[in-house]
Amino acid sequence: GSYAFSYNQISELEISSDMEFGYSVFNGNQIESLILSEGVTKISNSFITSQRLTSVKLPSTVTNIGENAFFGNQITELQIENTEINPSQLTTIGSYAFENNSIENLTIPNSVTSIDFAAFRGNKIKELKISSKLITLGGAVFQNNNIESLTIPNSVTTIEEYAFHGNKIINLTIPNSVTTIGNWAFEGENNLLTNLNIDMTKIPS
């Protein structure tokens with residue numbers, strides 16, 4: 001249930017079977033180490049927030065990452081298992097799921113079709129590879145990172161407001177599949193665009 005193991009002193013956590021966890025189930029601990037075994041399918045809302053995790057490896061069986069799941073940790077490395085033998089089944093990354101961490105490099109597997117509001121806002125992402133099946137880039141999804149070069153995959157139709165605001169983008173390619181670009185999506189501040197390739201018949205208003 002919700003808050004089931006909250007406010008203890010858990011520092012190491014291993015989950016070896018597919019279980020249904022409630023909201024904020026591990027809130028208020030000091031978790032530094034997390035092992036998720038093959039077979040785990042869902043990461044609950046506010047799963048491990050504001051703790052000491054520095055790395056997360058998600059097995060290929062995970063299909064859904066809930067809202068605020070890993071908000072406010074110290075994660076520098078996020079690995080999503082995706083091999084020929086064990087292809088990733090992840091489809092959805094919820095709002096604020098990894099906000100306010102320190103992730104540096106990120107590959108979103110091609111199984112992912114939805115990344116919601118501010119899922120990776122406030123990290124240190126410099127190198128980003130986006131799923132080729134993603135349709136919508138949610139609002140503020142990669143705001144305030146360190147992305148320098150970006151190619152939007154040609155599956156994307158919508159880039160919502162503030163999606164890449166406050167990065168360090170120099171090179172940007174937008175395909176003709178994009179029909180909607182939200183307000184301030186690539187606004188300057190830290191963005192330093194010098195090379196822009198827009199393969200679009202019309203720039204959305």
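Of the 205 residues in this protein, 47% count as buried, where buried means under 20% relative accessible area. Keep in mind as you look around that this is a predicted model. What does the outside add up to? The accessible surface comes to about 9900 Å², and carbon and sulfur atoms make up 44% of that area.

Now step back and take in the overall form. The C-alpha trace spans about 55 × 35 × 25 Å along its principal axes. The radius of gyration is 17 Å, which agrees with the value near 17 Å that a compact globule of 205 residues would have.

Next, follow the chain itself. How many helices and strands does the protein have? There are 0 helices and 16 strands. Of the strands, 7 form an open sheet with parallel pairing, and you can trace them in the order S3-S5-S7-S9-S11-S13-S15. At the edges of this sheet sit strand S3 (42-43) and strand S15 (180-181), each of which pairs on one side only.

Let's zoom in on one of those edges. Strand S3 runs parallel to strand S5 (residues 64-65), and 2 bridges join them. Which residue in S5 is the bridge partner of Ile43? That partner is Ile65.

Two more views complete the tour. Among the contacts in the protein with a separation of 6 or more, 25% are between residues 24 or more positions apart. As for charge, the protein carries 10 positive and 20 negative charges, and the mean positions of these two groups are 4 Å apart.

Note on methods:
Residues numbered from 1 in each chain as written. Predicted model: local features only at pLDDT ≥ 70, side-chain atom pairs only at ≥ 80, totals over all residues. Heavy atoms only, no water. Helix = DSSP H or I, 4+ residues; strand = E, 2+ residues; numbered from the N terminus. Rg over C-alpha atoms; globule rule 2.2 N^0.38 Å. Buried < 20%, exposed > 50% of the residue type's maximum accessible area, 1.4 Å probe, protein only. Contact = heavy atoms within 4.5 Å. Areas by Shrake-Rupley, 256 points an atom, 1.4 Å probe, with all protein chains shown as cover. Lys, Arg positive; Asp, Glu negative; His and termini not counted. Charge placed at Lys NZ, Arg CZ, Asp CG, Glu CD. Pairing = 2+ DSSP bridges.
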